[in-house]
Structure formats: structure tokens, C-alpha cells
Amino acid sequence: MAIKLSKAEKKVQYDKKLCRLLDEYTQLLIVAADNVGSNQLQNIRQGLRGESVVLMGKNTLIRRCIKIHAENTGNNAFLNLLPLLVGNVGMIFTKGDLKEVSEEVAKYKVGAPARVGLVAPIDVIVPPGNTGLDPSQTSFFQVLNIPTKINKGTVEIITPVELIKKGEKVGSSEAALLAKLGIRPFSYGLVVLSVYNDGSVFSPEVLDLTDDDLIEKFAGGVSMVTALSLALTYPTLAAAPHLFINAYKNVLAVALATEYSYPQAEKVKEYLKDPSKFAVAAAPVAAAETAAAPAKAAEPEKKEEPAEESDDDMGFSLFD
């Protein structure tokens with residue numbers, strides 16, 4: 001026969017379990033568990049079994065355990081979890097990839113009916129079509145201003161209707177109508193709110209970043225460092241190419257304004273003395289580009305009208 005533990009003994013066991021998990025795992029997910037049933041939570045535990053542990057509990061008890069454990073171990077990084085323990089939340093300790101665990105948790109969502117007084121997490125739209133309800137049920141549709149017609153002895157909705165907007169509370173009429181139509185508009189599951197990784201806390205959106213996103217962010221940071229370096233005339237590795245180019249421009253400007261010269265400046269001076277050389281240098285490139293376009297356009301014309309060309313060469317047409 002199992003011995004029934006007192007509340008104090010249960011708290012002691014919970015404290016030991018939480019402390020053991022904090023020491024064993026360096027990363028965890030803080031998840032919201034609103035409207036998540038016990039069966040659904042059990043399925044999530046089974047799906048994550050092996051590399052992750054789901055721990056639920058009262059926030060006050062969890063805070064107390066974390067504070068005491070941080071004092072005993074001297075690891076104040078655990079204290080970063082305290083501001084995250086607000087509302088109906090739980091913790092998923094894991095040794096696996098955080099993104100993969102987050103995606104696995106998102107799979108366990110269960111459809112739920114619209115209950116009276118529940119705040120709608122999404123917009124609820126009733127689609128048009130035959131409802132299968134008899135004409136005596138039209139009172140529900142009239143109360144909600146839903147256009148209907150009677151078709152083959154059943155009520156049919158004519159146009160799609162936005163029944164409930166996101167953030168609104170579900171009324172009794174809306175809940176009754178959705179139940180009659182068999183529509184379960186909402187789905188609930190564990191939602192990742194924050195990520196804890198070895199003392200650092202960040203948003204779950206970070207898990208969705210790809211290599212391209214990181215490269216783009218890094219390139220933006222390099223651009224900002226370069227701009228700041230150039231504005232302050234402070235040399236950095238990022239600004240070095242621009243500094244060399246600007247220095248060369250200054251040297252070239254001095255050579256053009258004075259009699260001092262060097263091989264690269266001689267060519268520029270020669271162009272400035274005789275601007276027509278610019279046109280001579282650019283002409284071959286422009287001519288090649290313009291000649292290439294008509295050549296491509298003329299090729300299909302030769303293939304399409306070979307008969308007419310041969311007639312012209314003979315000196316007569318089909319009607320002579």
C-alpha cells in the first residue's frame with residue numbers, strides 16, 4: 001500500500017527534483033500552459049521523453065526553491081528565471097536542440113470548442129454552406145445577423161461571417177451556434193515564452209534565425225562600424241579599404257592640381273587634357289553591346305522566312 005505523503009513532504013521532494021534538474025540541465029524553455037489538459041500534457045511528456053523533462057508547479061514554490069538553490073550553490077544565473085515565472089507557466093528542461101524541442105512541443109495542439117467567457121485567441125469566421133440544421137434553428141442566425149436561406153429543408157449560410165474577433169470574449173449565442181455547427185475554432189498547447197541557456201535569457205524568435213539572417217545582421221553591424229570609423233577618422237579593419245581609397249583619391253587630387261605626377265596619375269591627366277579619349281575608350285564597349293542585340297533579334301527572322309528570301313533572289317514572286 002502506497003504511503004500518502006503530507007504537503008510538507010511533497011514540497012521537499014519537489015525541491016529536490018527541481019534542484020537536481022537545475023544542476024543537470026543548462027538550458028530550458030519557459031512555456032505557457034493555458035487551457036492545456038492533463039491528458040494533453042501527458043502526451044507531451046511522452047513525446048519528449050529521453051532528452052527533455054517537463055516540470056509544472058506553483059510559481060511561489062518554484063521561486064522559493066530557485067532562490068535557496070542559488071544561495072547554496074553560489075550560481076546567481078538561476079535568478080534570471082524568477083521574472084519569467086508569471087502566470088500559468090511550466091519549464092521544459094532539455095539537453096537536445098532547443099529549436100527541435102520547441103517544434104516538437106508545437107505539434108501537440110488540440111482543438112477546443114468555444115466556451116462562454118473565453119477570450120478568443122484568433123478570429124473566428126463561419127464559412128458559407130449548408131449547415132444541416134432544420135429551419136426551426138434560424139433564431140440563432142438571426143440573433144447574430146448571419147444571412148441564411150432555406151435550401152432543401154435545411155438552413156444554408158449565404159456568405160462567410162466573422163463571428164468573433166481576436167481578443168473578444170465568446171458570448172453564449174456564439175458558443176451555442178459553433179457547438180451546433182460542430183466547429184472547434186480554437187487550438188491549445190504549450191507555447192514557448194522564453195528560452196534560458198546557461199544563464200542567458202532570450203526570446204524564442206531567436207531560435208528561428210537562419211545562417212542568412214545572421215550574415216545579414218553581421219553585415220549591418222560591419223557597415224555601422226565602418227561608418228563610425230570614417231566619421232571619427234579612427235582606423236579599424238572594417239574601414240581600412242575605404243581609408244586607403246580615400247587616401248588614394250587625395251593623392252590623385254594633389255597630382256592633378258600640381259606638376260607632381262606618377263604613372264597612374266599620368267593616365268588621368270591625359271584623359272583630362274583630351275576628353276575625346278573618354279568617348280574613344282567607351283565606344284568599343286557600347287558598339288559591342290548595341291551590335292549584340294540586333295544580331296540576336298535577327299536570328300529568328302532568318303529562320304521564320306526562308307521562302308520569301310529565296311523568291312526575292314530569283315527575281316519573281318508567286319503572283320507574277
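Helices (H or I, at least four residues) and strands (E, at least two) are DSSP runs, numbered from the N terminus. The model is predicted: local features need pLDDT of at least 70, side-chain atom pairs count only at pLDDT 80 or more, and totals for chains, interfaces and linings use all residues. Residues are numbered from 1 along each chain as its sequence is written, and side-chain values use heavy atoms, with hydrogens and water left out.

**Exercise 1. Salt bridges within helix α4**

Task: State how far apart K99 and E103 are along helix α4, and find the N to O distance of the salt bridge between E104 and K107.

Solution.
Step 1. A salt bridge is a side-chain nitrogen of Lys or Arg within 4 Å of a carboxyl oxygen of Asp or Glu. The search of the whole structure gives five of them.
Step 2. K99 and E103 form one such bridge, with 3.3 Å between the closest N and O atoms. The two residues are four apart in helix α4 (residues 98–107), so about one helical turn separates them.
Step 3. E104 and K107 also meet through their side chains, at 3.3 Å from N to O. These residues are three apart in helix α4, about one turn of the helix.
Step 4. For accessibility, buried means under 20% relative accessible area, exposed over 50%, and partly exposed in between (1.4 Å probe, protein chains only). K99 is partly exposed at 30%, E103 is partly exposed at 42%, and E104 is partly exposed at 21%. K107, at 61%, is exposed.

**Exercise 2. A salt-bridge network**

Task: Which residues are linked with R20 in a network of salt bridges?

Solution.
Step 1. R20 bridges to E24, where the closest N and O atoms are 3.5 Å apart.
Step 2. Both residues lie in helix α1 (residues 7–24), four residues apart, about one turn of the helix.
Step 3. R20 has a relative accessible area of 46% and is partly exposed; E24 is partly exposed at 36%.
Step 4. The network links R20, E24 and K95.

**Exercise 3. The five-stranded sheet**

Task: Give the strand order of the open sheet and say which strands stand at its edges.

Solution.
Step 1. Two strands pair if DSSP finds at least two bridges between them. The order in this open sheet of five strands is β2-β3-β1-β11-β12, with antiparallel pairing.
Step 2. The edges are β2 (52–55) and β12 (200–202); each has a single partner strand, so one side of each has no neighbour in the sheet.
Step 3. From one strand to the next, the twist averages 25°.
Step 4. β2 pairs with β3 (residues 89–94) in the antiparallel sense over four bridges. L55 has M91 of β3 as its bridge partner.
Step 5. Axes are lines fitted to C-alpha atoms, for helices over the stretch in contact (heavy atoms within 4.5 Å). Angles run from 0 to 180 degrees between N-to-C directions. Helix α2 (residues 38–48) lies across β2 and β3 and runs at about 160° to β2.

**Exercise 4. Packing of α8 and α9**

Task: At what angle do α8 and α9 pack, and how far apart are their axes?

Solution.
Step 1. Helix α8 (residues 240–257) packs on helix α9 (residues 263–273) at about 55°, with the axes 10 Å apart.
Step 2. Angles under 35 degrees count as roughly parallel, over 145 as roughly antiparallel, 65 to 115 as roughly perpendicular and the rest as oblique. The pair α8 and α9 is therefore oblique.
Step 3. The contact involves Y248, L252, A255 and L256 of α8, and Q264, A265, V268, K269 and L272 of α9.
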